[in-house]
Every structure is written in C-alpha cells, then in structure tokens.
Amino acid sequence: MAHIILIASTDLVSDQRVHRSSLTLHQEGHKVLTIGRRLADTPRSIERKYKVKLFRMFFRKGFLFYFFFNVRIFFYLLLHKFDLVCSNDLDSLLGCRLGCFFRGKPLVYDSHEYYTEVPELIGRPITKGIWKIIERCCIKGLKYSSTVSEGIANEYFKKYGIKMEVIRNLPFRNENFGHKSVRPTIIYQGVLNEGRGLELAIEMIHNLPCYYLMIVGSGELELKLRKRVIELNIVDRVEFRGRLPYEKLHALTSKAWLGISLEEDLGLNYRYALPNKLFDYIQAQIAVLVSDLPEMSKVVEKYDIGIVAKTRNPKELANVVAEFFENKVNREKMLNNISLAYNELVWENEKPKFLELYKRALAN
C-alpha cells in the first residue's frame, strides 16, 4: 500500500477525472489524499471514500492565486509523508515537481488539457509566456505522464520528447437512467466560458421553436448568456441549472435527447479536445452533436452516434438537428450504435492503462 497525494487547483466538486483517479487508487488499496482548493460556493464537506483536503486561499484568481497555491503545495509536500504525487494540470505542476524533487519521490503528471493553448490565454502574450516558461521547466524530462487525447500527446512529444500515456476521460459505467423528457431536449454540461459554443447553442435553439435547452454548469459567460436568452425571448425554452455534482448529473443528462460539445477551434487545446462531457453523454445513452474537430469527430464517426457539425451557422445547424430527430430510421440506428459505445467507452476498460502507469511510477 502506497501513500499517494493527488493535487488539483479545482474544488473537486465536479472534477470527474480527479475523482476517478483517486477512487481507483483507493480501490487498489492505496492510501489516497486528494488536495484542491475551497471556492466561495464549495460545500462545507465533500463526501468521498478517500481523504480530501481543500486549501483556503486568500487570492482567488490570477497570478497571485497560482503563485501562492504552488507555494502551499511545495511546503505541504515538504512537511508530510507520501510515496507518490500526481499533479493534475500545469497550474499545480511547479509546486508538485519541486516538492517531489526535494523529497526524492516520484511524480505523475496528468495533463487534462494543452494548458498553454487554452482560449483564456489568447490575446495575453505575457501571461501565456510565463506559463510556457513554467511548462518548459517542469515538463521536460518527466518520466511518468498522461493526457486525454492522442493529439495532445503528439504535441507534447514533438515539443519536449516525452511520451505521454493517453488515458481518455471515460466515465464509470452507470446504469441509473432518468426517464426521457417528452419534449425534445438538448443538454450542455460543463464550464460556461469562451469558446464552448454556448452562444451558438442558444442561437440554434432560437431556430428550433419546439426544442428545449438545459445548460448545466457555471462560469464567466453566464450573465451574458442569460441576457441573450432574454433578448431572443426564449426564456421558456432555455434553463440554466447551475453547477451540479457529478453524482446528480447523470440522471439529468439521461433525460435529454441530444448532448452538445460545440467547442470553437481556438488554439490547439480545443482542436485536440476530447472532453469528458462527450463520454458522459454516451454513458447517458443520448446522441451527440460535436464540432468538426479531429478528436471528437473521430469518436462520433467511428461509432456513428450523432452529428458532426459541418457548419457554425445557427439556422443551418438547427435544420440539421431537426432533420436528425425527424428521421426515425436513422435515429433508431444511432441509438443502437450508442448502446455499443456505451459498453466500450467506460473507465473500467481504460483503467488498466492508468494502473500500469502508477505501478511503474511506484516501482521507481
């Protein structure tokens, strides 16, 4: 049994990947501590089978948050016993790498995204430059690392010569389904930030008068999106459900008819994105509508489980969605295909690669 610490800059409430990693290691008999940070709306207690610790941070965002968060990580690792650390994403890697270096312990880096290519850094050359320096200093020479898609793994190999294990964001098998909504319902789940295609989804619903859109999540765009819904006079057809813990999310998602992931091609991070919501939709056994980006479209086309958006014109996209639902033969075929994808694209099938990575790291 090893003492493993997993560290992320989120509050862990809806962070499915960190939860899967932590729970899987706990089930293997390891002593697991998962560290995150407390936000204003974080519940007082987070019930998990493994231990959870949330740092209270004076600074909530920006350079000072990331600086002091990594300082706290470093000193925590310096003063506590552990056998291995997993850093989840670049924003926690500096503190983790320094802590592991001084303690002589192995480090696993799990890159959930191509951090220096996220849309939030577009138009911010100084901030992006700082993150690139941190990336270059911390990632080069890593022995044990993983990421979510082949595209991101290939980019890191070309850039730093490291071979990242591709461990996709697949959910646990879940057979608890809600009743399908009588009304044609489309769902988006995730962060409400730039580049997620949320404005496009709202404009599309405006052109689908009989359809209903559920937006599940929170983020900096929420107020702007709510205003646009009011302007279009579709308040009765768009519902903002806020951020939900993943335990409650599956039952809600399974009520929908279609799940959307309409990320824009804003840099390499979104281009090679393979978001967990895509696999959550499949696990809820609903069809999907995704952007025409390589990683997402590859999954949809391989299993034939939905629509790859060849246009970003809301009227044209609305017509494609309407045609999809009105073609009963084609829709039934896709629902059968979803059953196949549902059984294959689960964490239980991806887990062996994950455990092998940690086995090698612990044997170091």
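## N88 and its surroundings

N88 is buried in this predicted model, with a relative accessible area of just 2%. That is under the 20% cut-off, so N88 counts as buried. The residue sits in strand β4. Setting aside neighbours within four places in sequence, N88 is in contact with L6, I7, A8, V18, D110 and H112.

## Strand β4, covered on both faces

What about the rest of β4? The strand covers residues 84–88, and five of the five are buried, so β4 is largely enclosed by the rest of the structure. Split by face, L84, C86 and N88 are buried on one side, while V85 and S87 are buried on the other.

β4 also has partners on the sheet. Strand β1 (residues 3–7) pairs with β4 in the parallel sense over four bridges, and here I4 stands opposite L84. Strand β5 (residues 107–111) is likewise parallel to β4, again over four bridges. In that pairing, S87 stands opposite Y109 in β5. To get from β4 to β5, the chain passes through α3, and this β-α-β crossover is right-handed.

## The sheet as a whole

Zooming out, which order do the strands follow? Seven of them make an open sheet, running β3-β2-β1-β4-β5-β6-β7 with parallel pairing. The edges are β3 (51–55) and β7 (165–166), each of which pairs on one side only.

At the β3 edge, five bridges join β3 to strand β2 (residues 31–37), and the two run parallel. One spot to look at is L33, whose bridge partner in β3 is K51.

## A nonpolar patch on α2 and α3

Now for the surface. F75, L78, L79, L94, L98, F101 and F102 form a nonpolar patch there, with about 720 Å² of accessible area together. Two elements give two or more residues each to the patch: α2 (62–79) and α3 (93–103). The largest share, four residues, comes from α3, the helix that also carries the chain from β4 to β5.

F75 is the patch member to pick out on α2. Its relative accessibility is 44%. Partly exposed means between 20% and 50%, so F75 counts as partly exposed.

## Two buried residues in α8

Helix α8 spans residues 246–253 and includes H250. Is H250 buried or exposed? Its relative accessible area is 11%, so H250 is buried. Leaving out neighbours within four places in sequence, H250 is in contact with N174, N176, F177, Q283 and A284.

L249 is found in α8 too. With 10% relative accessibility, L249 counts as buried. Which residues does L249 touch, if those up to four places away in sequence are not counted? They are Q16, Q189, V216 and L244. For a sense of distance, the C-alpha atoms of L249 and I307 are separated by 22 Å, with the two residues 58 apart along the chain.

Note on methods: Residues are numbered from 1 along each chain as its sequence is written. This is a predicted model: local features need pLDDT of at least 70, side-chain atom pairs count only at pLDDT 80 or more; totals for chains, interfaces and linings use all residues. Side-chain values use heavy atoms; hydrogens and water are left out. Patches are made of residues with over 30% relative accessible area and no salt bridge: like charges are joined within 9 Å, nonpolar side chains (Val, Leu, Ile, Met, Phe, Trp, Tyr) within 5 Å. Accessible areas come from the Shrake-Rupley method with a 1.4 Å probe; for residues, only the protein chains shown count as cover. A salt bridge is a side-chain nitrogen of Lys or Arg within 4 Å of a carboxyl oxygen of Asp or Glu. Buried means under 20% relative accessible area, exposed over 50%, partly exposed in between (1.4 Å probe, protein chains only). Contact means heavy atoms within 4.5 Å. Two strands pair if DSSP finds at least two bridges between them. A crossover is right-handed if, with the strands pointing away from the viewer, the path from the first strand over the helix to the second runs clockwise.
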